[in-house]
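Trainee: I want a close look at one part of this model. Please start with a single residue, then work outwards.

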Amino acid sequence: MRFSINIPNFGDFADPRNVATVAAAAEQAGWDGLFVWDHVLHRQHQGRPFGDPWMLLTAAALATSRIRLGTLLTPVPRYRPQQLARQVATLDHLSGGRVIFAAGLGGPIEDEYRSFGDAAEPRVLAERLDEGLELLRRFWSGEPVDHHGPHYEARDVTLLPATVQRPGPPVWIGGFWPHRAPMRRAARWDGAAPLFATARHGRVPDVADVREVVDYVRRQRTVGADRPFEFVLGGATPPDRAKAMDMIGPLRDAGATWWDERQLQTGPDLDRLTPVLRRIEAGPPVV
């Protein structure tokens, strides 16, 4: 099992220097990854400064040499695929092939899309997500791309350099369980990062729910079932490693391969540097 730190891209973590500090501390303490949120507007947290996640991850890449880096997650329909492909490929080169790309619809949809006059119908966003993901993988290849789809177009386009990782960075898909569609999408890619209606951000999910989603995704993996696949769960655990493993161990046994350490979304420490550093320095449950 691998262990990552999860931080928002606002508050103290809007400053790339603070994110670099977090990344270096995580690597020193034996964590395996750092993931940041990807929001341009989240009215629940308005009044705070927000940072661009790709700039924040650039600072993290320059401060580290080992840990994996990425967003958790990027709302692909909010981007132009060519712009996003460039950002991810650049970070993959800068980090020496350490990027993990997590994707989904994002949210809150009203804040992130409708506030800027963009389409906000879930069906349309889901179509753009699927088409955008396929385009990203083709752009990352460094090969010529011709694409004429319902939402995007590319006319004899070659984007260089290709990503260091081939055919591209691992792609994880997020979504709320028990909604089935996001997990069917995840089964076509490299990992599933479910949130749970019964365990919102920072809450440790129930083992029975985890078994259910793991079994469902495994049944959906009819193509490429021999490829490595990650089940990414998260929540807030105590610094005491034995107590943390008492919480995480049953989830690992149910199929989880990554544990993503997260502050409670409703807690006062969500976007503050000092409490996050204290948790990082205590180390992951297993090193």
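Is His 201 buried or exposed, and what is its relative accessible area?

Mentor: His 201 is buried, because its relative accessible area is 13% and buried means under 20% (exposed is over 50%, partly exposed lies in between; 1.4 Å probe, protein chains only). Keep in mind that this is a predicted model, where local features need pLDDT of at least 70, side-chain atom pairs count only at pLDDT 80 or more, and totals for chains, interfaces and linings use all residues. Residues are numbered from 1 along each chain as its sequence is written, and side-chain values use heavy atoms, without hydrogens or water.

Now place the residue. His 201 sits in the loop that links β8 (191-196) to α7 (207-220). Strands (E, at least two residues) and helices (H or I, at least four) are DSSP runs, numbered from the N terminus. Next, its contacts, meaning heavy atoms within 4.5 Å. Beyond residues up to four places away in sequence, His 201 touches Asn 6, Trp 37, Arg 262, Gln 263, Leu 264 and Gln 265.

His 201 also helps to line a cavity. A cavity is a set of points on a 1 Å grid over the protein atoms alone, where a 1.4 Å probe fits but cannot get out; lining residues have an atom within 4 Å of a point. The search of the whole structure finds 1 cavity of 30 Å³ or more. The largest cavity holds about 60 Å³ of space, counted as the volume of probe spheres set on points joined across faces, edges and corners. Its lining runs through Pro 194, Leu 195, Phe 196, Ala 199, Arg 200, His 201, Gly 202, Arg 203, Pro 205, Leu 233, Gly 234 and Arg 262. Two elements give two or more residues to this lining: β8 and β9. The largest share comes from β8, with 3 residues. Look back at Arg 262: this residue lines the cavity and also touches His 201.

So what surrounds the strand before our loop? In β8, 5 of its 6 residues are buried, and the strand is mostly covered. On one pairing, β8 meets β7 (residues 171-177) in the parallel sense, over 6 bridges. Strands count as paired if DSSP finds at least two bridges between them. Trp 172 stands opposite Gly 191 in β8. On another pairing, 2 bridges join β8 to β9 (residues 230-235), again in parallel. There, Gly 191 stands opposite Glu 230. Gly 191 therefore has a partner in both pairings.

Follow the chain through these strands. From β8 the path passes through α7 to β9, as a right-handed β-α-β crossover. Right-handed means that, with the strands pointing away from the viewer, the path from the first strand over the helix to the second runs clockwise. The unit made by β7, α6 (residues 180-187) and β8 is right-handed too.

Now step out to the largest pocket. A pocket is an open set of grid points with protein on both sides within 12 Å along at least five of seven lines. The volume of the largest one is about 700 Å³. It is lined by 28 residues, and the closest to its centre are Leu 73, Gly 106, Gly 107, Phe 176 and Leu 195. Leu 195 is on the cavity list as well. At least two lining residues come from each of β3 (68-75), α4 (109-112), β7, α6 and β8.

Take β3 next. With 7 of its 8 residues buried, β3 is largely enclosed by the rest of the structure. It pairs with β2 (residues 33-36) in parallel, through 4 bridges. Leu 34 has Leu 69 as its bridge partner there. The chain reaches β3 from β2 through α2 (residues 53-62), in a right-handed crossover. β3 also runs parallel to β4 (residues 99-104), with 5 bridges. In that pair, Leu 69 is matched with Val 99.

Finish with two residues. Phe 35 lies in β2 and is buried, at 0% relative accessible area. Its contacts beyond four places in sequence include Leu 69, Gly 70 and Trp 172. Glu 112 belongs to α4 and also counts as buried, at 2%. Among its contacts beyond four places are Pro 75 and Gly 107. The C-alpha atoms of Glu 112 and Pro 75 are 9.0 Å apart, although 37 residues separate them along the chain.
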